[in-house]
Amino acid sequence: MIKLIPRVENSKAMILLSPLLALTLTALSALIIFIFILDDIKVSSVFFTLFVLPLTDSYLFPELLVKAAPLMIIGLGLSIGFRAGIWNIGAEGQYVIGGIAGGAVGLYFYNVEGFWLLPLMALAAIIGGMLYASIAAFLKIRYQVNEILVTLMLTYVAVLFLSAMLQGPLRNPAGFNFPESRIFHDSAMLPIIWGGTRLHVGFIIAIIISFVAWFGIKKHMFGMQIKISGSAPRAAKFAGFNDNKTVLYSLLISGGLAGLAGFFEASGPAGQLTPGLPQFYGFTAIIVAFLARLHPIGILFSSLLIALSYVGGEEVQIEYNLPSSITQIFQGMLLFYFLACDILIKYKVVLNKTKN
Amino acid sequence: MSKGRFSSILKLSVLSTVLAFTSNVSADPVKAAFVYIGPTGDHGWTYAHDEGVKYAKEKLGDDVIMTTIENVAENSDSERVITSLARKNDIVFTTSFGYMNPTVKVAKRYPDVKFEHATGYMLEDNVSVYSARFYEGRHVIGKIAGRMTESNVIGYIASFPIPEVIRGINSAFLAAKSVNPDVQIKVVWVYSWYDPGKEADAANALIAQGADVLMQHTDSTAAMTVAEEKGIYAFGQASNMREWGPNAQLTGIINDWGPYYADRIAAVRDGTWSSSDTFAGVQQGMVKFAPMNNNMPTEVKNEAMKAIIDLSMGAIHPFTGPINKQDGSPWLAEGETPPNFPDLLTMDFYVEGIDSQYPN
Amino acid sequence: MNESLFINIIIGISIASTPLIFAAIGELLVERSGVLNLGVEGMMIVGALLGFIVQFHTGNPFLAVVAALLGGMAISSIFAFLTQFLLTNQVATGLALTLFGLGFSAFAGRGYTEETIVLIKAVDIPVLSDIPFIGPLLFSMNPLVYLAFLMVYLVWWFLFRTKQGLILRSIGDNHDAAHAIGHNVVRYRFMAILFGGAMAGVGGAFLSLVQVPIWGEDMTAGRGWIALGLVVFASWQPFRIILGAILFGGITVLQLHAQGFDIRISAQYLSMLPYLATIIILVSLRIRLKNKTNRTVPNCLGRIFHSTS
């Protein structure tokens with residue numbers, strides 16, 4: 001019988017090895033699935049397209065970074081709340097509201113040139129996301145209403161609100177009455193940092209935020225506070241940390257960052273507001289955060305890994321006519337294996353031959 | 001110098017590769033790619049495009065290599081998918097409105113690749129647009145519905161208030177009213193193209209409110225199955241949905257993209273492709289009909305057949321004045337028919353006589 | 001409003017609510033044991049597919065429901081194994097389960113999108129269904145609707161009238177104490193998770209076996225998440241699940257009816273109603289309970305348990 005013995009100290013080796021083990025297991029499972037479903041196609045070339053091509057191809061690689069940026073930003077915000085045990089499941093809604101707020105500012109100043117426009121849009125997006133998340137914070141603090149439910153319900157509301165806005169005030173007046181905004185003018189578009197690609201300044205900002213978050217969690221008092229609130233709520237109260245403050249700040253930070261990501265999407269690769277703005281980044285970012293064990297630098301890598309699964313997934317669909325569900329299956333398995341392998345960090349697995 | 005010789009050999013070999021490549025071009029099959037919004041199994045919009053692809057493949061045989069990709073969301077991801085396809089194909093069809101701006105953006109970067117965007121309005125030198133006059137199909141089913149309803153209530157399950165859907169509602173209503181002055185149309189918006197559960201809920205709600213003939217502008221077969229179950233009538237959407245409603249389906253509007261796809265791909269093969277704006281209907285065979293159900297009275301069937309023949313000869317237009325807008329303001333004068341732009345392509349009003357409020 | 005319209009609306013609401021009741025009552029038991037499984041959507045869609053497949057091949061509704069039940073159970077066992085034996089985070093594992101379930105069902109169901117089946121029909125209970133008004137309202141429902149109500153009762157009975165139910169609740173409230181007095185925490189939780197999976201599977205199958213005789217990927221369209229919300233809404237009390245599901249299903253159906261009656265509100269805002277109403281009801285419930293400490297929330301909800309002895 002297999003037994004788990006807690007380690008005295010977390011295994012340093014396993015912290016690094018367990019993700020590799022998880023990746024290996026995912027790859028093996030993928031292999032088995034491919035052998036099962038592909039008759040005459042070379043499994044190795046499918047593998048190459050899925051996992052390697054997006055890293056080596058000059059068009060796909062910057063696209064990988066474009067896809068990773070919003071996941072990184074939202075994942076970072078969520079990880080802070082998750083550490084404190086605040087479950088903001090509705091970052092998708094805050095992302096949408098941020099996109100609407102930022103986009104609305106850009107459309108209001110349509111064709112107005114100015115260096116101040118982008119910062120103003122970003123600010124509107126952050127505030128929009130924060131305000132939207134603060135509804136859940138308020139209800140949790142004032143009435144102890146569960147934030148999982150509120151943030152989730154408000155996601156549906158945000159998506160419908162976007163639809164109403166695109167049907168009404170934000171609709172492109174010359175757009176044949178389709179529910180889309182105008183295409184943003186150049187001043188309202190994020191600067192491109194890699195010529196000829198869609199890679200925008202938001203990616204740099206995402207990396208900067210990662211390091212700020214890392215530093216914040218390591219050094220700052222609030223970082224301590226949320227860590228303790230999450231792992232030992234009673235101890236946190238004892239130390240005089242304010243539970244309500246943790247709830248509020250966690251939701252404001254994750255909401256604000258999700259809002260910022262929404263603006264980056266609208267003013268970056270999309271270039272306009274459309275009903276396609278919500279694309280599950282808010283939910284996928286939860287996976288990103290957990291793949292990284294909620295660690296800010298880990299999120300840098302996990303967002304790239306998930307982005308790889310999307311970009312590579314699209315390529316195998318195109319090349320080998322595989323269905324899009326393959327991507328979802330892989331993402332699910334990846335997360336299963338990552339979570340499972342992490343047990344090796346805290347526990348030793350021993351084979352116990354004697355009966356209990 | 002050895003370097004010079006080496007580089008000249010290199011040049012030579014490059015040249016010969018290029019030569020080999022160009023000499024093969026005429027024999028090479030055309031590579032055509034299709035971007036789908038939904039799964040091919042939706043039995044609605046995407047299914048109909050996929051049937052068109054199969055038709056074109058059968059017609060052109062070894063002259064074409066088809067690539068399709070399904071479930072591509074109408075967001076910034078689509079630009080990447082379209083780009084990936086543009087890198088490897090000669091012509092790329094993007095089959096949903098939301099791909100319009102991404103398609104145009106990619107087309108600018110790949111001037112040698114041809115693009116065909118369905119249901120949009122942005123033309124470029126290498127971007128064609130194509131769409132079908134589905135409202136002509138609605139005209140025919142409107143006539144049938146007006147005759148077949150006993151409660152004088154037609155239920156209409158609508159997706160999103162975009163011009164194409166509005167055209168369909170207006171056209172169906174006017175046709176129904178022309179044969180049955182007492183007819184009413186009830187519109188329920190489900191704000192989804194594909195949610196079988198919600199479409200069924202909407203169908204049930206409409207039936208409970210007295211509708212005995214259902215029309216839908218959503219993609220699943222759910223409403224058809226409800227109609228069959230409840231013993232009322234409905235019309236197939238985008239494809240023949242007879243299997244789900246052997247008694248319920250009176251006929252269906254079939255989107256037949258096949259010949260268009262075959263033509264456009266053949267044009268690329270022959271080097272005759274040029275950017276074009278296609279808005280084709282019954283006359284051109286892009287809008288077709290499922291077989292009329294035998295449970296329909298012969299005179300209703302004949303009336304419908306006559307409408308189809310008239311449409312196919314261009315003898316009638318579903319929007320022929322006098323028609324007022326819902327608020328009573330005049331739209332078309334006696335005998336007048338609307339131009340494609342702006343009237344048809346930007347339609348954002350109900351015609352007079354529809355009770356439902358225009359969604360805002 | 002005439003009588004038949006009223007009855008029709010009620011039947012419509014029952015159809016919209018039943019999948020939610022199944023999924024939510026299963027999740028309620030899971031959460032009572034101290035486990036939060038966010039994979040309801042994934043378990044529902046697998047149930048919807050398996051129910052459809054078996055009904056398609058056998059035409060036997062009983063087997064179809066059993067298949068949905070087993071399918072939901074099978075996929076929930078992944079969650080149970082990971083969270084109970086490998087001590088993984090429940091929120092993340094549940095999300096992974098949803099992703100996996102959606103992907104798996106879409107993939108495995110590709111051959112069935114062209115097919116249709118015979119629906120499980122409503123049955124008239126003899127004599128009783130002939131009572132005017134009451135009869136069609138209460139005694140002519142789909143058998144699975146009755147089963148949903150029965151399951152709510154059984155879960156209540158199990159939780160509050162059996163020794164095992166008491167143990168399960170005590171595990172949910174304090175797994176260390178329950179373990180200390182010799183209860184097998186992992187076994188109880190494992191069973192509860194499997195039960196939750198089975199119920200979610202049946203709930204999903206209700207969509208493909210009763211509501212529409214078709215299979216389509218993603219056809220659960222977010223109902224699993226609504227079910228999760230209902231458990232919180234119900235404050236972990238079984239009978240309140242029925243109330244919540246009817247309210248939610250009711251608003252969904254009524255907003256469609258309101259459009260038919262041309263009530264002059266934008267459809268987008270009408271569609272927001274079910275979600276906003278859930279939040280508002282939740283808050284008002286809390287206001288009412290404000291001065292009492294809420295004793296129904298399982299204290300150990302979502303916490304990882306590992307016996308050290």
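## Exercises on a predicted three-chain model

B:Arg269 and B:Asp270 form a salt bridge, with their closest N and O atoms 2.9 Å apart. Keep that pair in mind as a warm-up; the model you are working with is predicted.

**Exercise 1. Decide whether B:Arg269 and B:Asp270 are buried, partly exposed or exposed.**

Solution. Begin with the cut-offs: under 20% relative accessible area is buried, and over 50% is exposed. B:Arg269 has 38% relative accessibility, so this residue counts as partly exposed. B:Asp270 stands at 46%, so B:Asp270 is partly exposed as well.

**Exercise 2. Find where the salt bridge of B:Glu51 lies in chain B, and classify its two residues.**

Solution. First, identify the partner: B:Glu51 pairs with B:Lys54, and their closest N and O atoms are 3.4 Å apart. Next, place the two residues: both belong to helix H2 (residues 45-60) of chain B, where they sit three residues apart, about one turn of the helix. Last, look at accessibility. B:Glu51 is partly exposed at 33%, and B:Lys54 is partly exposed at 49%.

**Exercise 3. Work out which elements of chain B the salt bridge between B:Arg147 and B:Glu303 ties together.**

Solution. Start with the contact itself: the two side chains meet at 2.7 Å, N to O. Then assign the elements. B:Arg147 is in helix H5 (residues 134-148) of chain B and B:Glu303 is in helix H10 (residues 298-312) of chain B, so this pair links parts that are 156 residues apart in sequence. To finish, check the accessibility: B:Arg147 is partly exposed with a relative accessible area of 41%, and B:Glu303 is partly exposed with 22%.

**Exercise 4. Describe the interface of chain B and chain A, going from its extent to its charged pairs.**

Solution. Count the residues first: 34 residues from chain B and 35 residues from chain A take part in the contact. Now take the area: the two chains bury about 3,000 Å² between them, 51% of it on carbon and sulfur atoms. On the chain B side, B:Ser76, B:Arg80 and B:Tyr121 lose the most area to chain A, together 21% of what that side buries.

Turn to the polar side of this interface. The rule finds 19 residue pairs in polar contact, with both residues at pLDDT 80 or more. For chain B, the elements that give two or more residues to the side touching chain A are strand E2 (64-69), helix H3 (76-88) and helix H4 (100-109). H3(B) provides the largest share, 10 residues. By type, the chain B side divides into 13 nonpolar, 11 polar and 10 charged residues.

Now the charged pairs: there are seven salt bridges between chain B and chain A. One pair to locate in the view is A:Glu63 with B:Arg80, at 2.8 Å, N to O. These two residues also belong to a network of salt bridges that includes A:Lys67, A:Arg198, A:Glu314, B:Asp77, B:Glu79, B:Lys105 and B:Arg109. Across all chains, the whole structure holds 23 salt bridges.

**Exercise 5. Repeat the analysis for the interface of chain A and chain C.**

Solution. Chain A gives 43 residues to the contact and chain C gives 43 residues. Between them they bury about 3,900 Å², with 81% of it on carbon and sulfur atoms. The search for charged pairs returns zero salt bridges, and the search for polar contacts returns zero residue pairs (both at pLDDT 80 or more).

Next, ask which elements of chain A build this side. Those giving two or more residues are strand E1 (2-6), helix H5 (117-143), helix H6 (147-167), helix H11 (281-291) and helix H13 (325-341). H6(A) gives the most, with 14 residues. The residue types on this side of chain A are 34 nonpolar, eight polar and one charged.

**Exercise 6. Place A:Ser79, say whether it is buried or exposed, and list what it touches outside its neighbours within four places in sequence.**

Solution. A:Ser79 sits in helix H3 (residues 60-83) of chain A. Its relative accessible area is 1%, so A:Ser79 is buried. Setting aside neighbours within four places in sequence, A:Ser79 contacts A:Ala289, A:Leu294 and A:Ile299.

**Exercise 7. Count the disulfides, then classify A:Cys341 and C:Cys300 by accessibility.**

Solution. Over all chains there are zero disulfides. A:Cys341 is buried at 5% relative accessibility, and C:Cys300 is buried at 7%.

Note on methods
Residues numbered from 1 in each chain as written. Chains lettered and ligands numbered in written order. Predicted model: local features only at pLDDT ≥ 70, side-chain atom pairs only at ≥ 80, totals over all residues. Heavy atoms only, no water. Contact = heavy atoms within 4.5 Å. Buried area = accessible area lost by both parts, 1.4 Å probe. Salt bridge = Lys/Arg side-chain N within 4 Å of Asp/Glu carboxyl O. Polar contact = N/O pair within 3.5 Å; in protein donor to acceptor, adjacent residues only side chain to side chain. Helix = DSSP H or I, 4+ residues; strand = E, 2+ residues; numbered from the N terminus. Nonpolar A, V, L, I, M, F, W, Y, C, P; charged D, E, K, R; others polar. Buried < 20%, exposed > 50% of the residue type's maximum accessible area, 1.4 Å probe, protein only. Disulfide = S-S within 2.5 Å.
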